[in-house]
Amino acid sequence: MARGIWTGALSFGLVNIPVEVHTAVRDNRPHFRLLHAKDRSPINYERVCQKEGHAVAWDDLVKGYEYEKGRFVVLTKEDFTAAALEKTRRIDILDFVESASIDDRFFDKPYYLTPGKGGDMAYGLLREAIRESGRIGIAKFIMRDVQHLAAVEVVDEALVLSTLRFADELVDVATLKLPKRTPVKKKELDMATALVESLAEEWKPEKYTDDYRDNLMRVIKAKMKGKKADLVADEPPRDAKVVDLMERLRQSLNASGGRRAGGRPAVSRARKTSRRSTHPAPRQIVRRASAR
């Protein structure tokens with residue numbers, strides 16, 4: 001098993017469980033370096049002073065906060081030390097909240113928690129208590145000198161720690177220009193709902209892949225062999241012009257009808273699915289599984 005990126009204790013009440021934090025996502029996208037076109041040599045970056053126009057040594061750099069255009073407050077190591085929180089090796093669960101009450105926008109990056117030495121029994125007990133309660137632990141912890149808000153959930157046999165965004169990091173929907181809620185025609189609503197139901201499927205994250213990344217890797221591998229890449233064809237462009245909504249809905253329903261002809265019937269409108277299953281999977285993990 002890979003080495004954890006953080007070790008400490010998961011704390012709730014007077015209970016401390018030794019744990020390790022492991023990354024739960026991987027970056028499969030190709031990474032590139034800038035090269036000199038003439039000789040294919042990698043390009044290095046220099047720290048150049050904008051005023052003097054020459055490179056500056058690391059020892060001559062300080063950190064500054066730009067409070068207005070071109071005006072800075074310089075912070076020293078002592079300033080950062082004074083503002084720093086105590087570096088505890090604990091993930092402190094503060095509350096347990098209803099899982100459905102957390103807006104998906106708060107979720108950021110997931111990690112797996114594994115029990116440390118001697119922590120198997122307490123780890124398993126907390127895992128089953130969270131699973132039984134249907135709640136999510138809300139915690140705070142410090143990693144790499146930064147305090148994080150986090151959620152502690154259960155996925156299969158694992159406790160999953162997901163960093164959360166703080167409330168003031170989210171942009172208020174009220175700041176956006178959106179259409180107001182107005183009565184819609186029942187015929188249009190029924191047809192739009194029928195289209196949604198005709199496209200209803202079970203969630204299978206492995207079904208959705210990054211076509212651009214796959215094509216890019218085909219290009220890279222083909223160029224390594226001096227060949228031309230065999231790329232996945234793109235979908236024909238869609239007309240972005242405003243057209244008759246009902247006609248487009250009819251066309252969409254006709255196009256999706258073939259999917260149901262030899263398969264299962266469209267999902268009944270009366271059927272409702274819960275936001276979380278008996279063994280809930282964190283929403284942010286599901287969202288990212290298809291994109292990485």
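This briefing describes aromatic pairs, backbone features and a charged surface patch in one structure. The model is predicted. Three aromatic pairs are present in the structure, and two of them are described below. Two aspartates with positive phi, Asp145 and Asp156, and a positive surface patch that includes Lys227 complete the account.

**Aromatic pair of Trp6 and Phe141**

- Trp6 and Phe141 form an edge-to-face aromatic pair, with 6.0 Å from centre to centre and 75° between the planes.
- Trp6 belongs to strand β1 (residues 6-12) and Phe141 to strand β7, so the pair ties together parts that are 135 residues apart in sequence.
- Trp6 has a relative accessibility of 3% and therefore counts as buried, the cut-off for this class being under 20%.
- Phe141 likewise counts as buried, because its relative accessibility is 2%.

**Aromatic pair of Phe12 and Phe96**

- Phe12 and Phe96 also form an edge-to-face aromatic pair, with 6.4 Å from centre to centre and 90° between the planes.
- This pair links distant parts of the chain, with Phe12 in strand β1 and Phe96 in strand β5 (residues 90-98), 84 residues apart.
- Phe12 is partly exposed, with a relative accessible area of 24%.
- Phe96 counts as partly exposed as well, at 33% relative accessibility.

**Aspartates with positive phi**

- Asp145 has a positive phi of about 70°, although this residue is not a glycine.
- The position of Asp145 is in the loop between β7 (135-143) and β8 (146-155); strand β7 is also the strand that holds Phe141.
- Asp145 counts as exposed because its relative accessibility is 59%, and exposed residues are those over 50%.
- Asp156 is not a glycine either, yet has a positive phi of about 55°.
- Asp156 is found in the loop between β8 and β9 (158-164).
- With a relative accessibility of 51%, Asp156 also counts as exposed.

**Positive surface patch**

- Arg218, Lys221, Lys225 and Lys227 form a positive surface patch.
- Within this patch, Lys227 lies in the loop between α4 (211-224) and α5 (245-261).
- Lys227 is exposed, its relative accessible area being 59%.

Key
Residues numbered from 1 in each chain as written. Predicted model: local features only at pLDDT ≥ 70, side-chain atom pairs only at ≥ 80, totals over all residues. Heavy atoms only, no water. Helix = DSSP H or I, 4+ residues; strand = E, 2+ residues; numbered from the N terminus. Buried < 20%, exposed > 50% of the residue type's maximum accessible area, 1.4 Å probe, protein only. Patch = residues over 30% accessible without salt bridge, like charges linked within 9 Å, V, L, I, M, F, W, Y side chains within 5 Å. Areas by Shrake-Rupley, 256 points an atom, 1.4 Å probe, with all protein chains shown as cover. Salt bridge = Lys/Arg side-chain N within 4 Å of Asp/Glu carboxyl O. Lys, Arg positive; Asp, Glu negative; His and termini not counted. Charge placed at Lys NZ, Arg CZ, Asp CG, Glu CD. Phe/Tyr/Trp six-rings, centres within 6.5 Å; stacked < 30°, edge-to-face > 60°.
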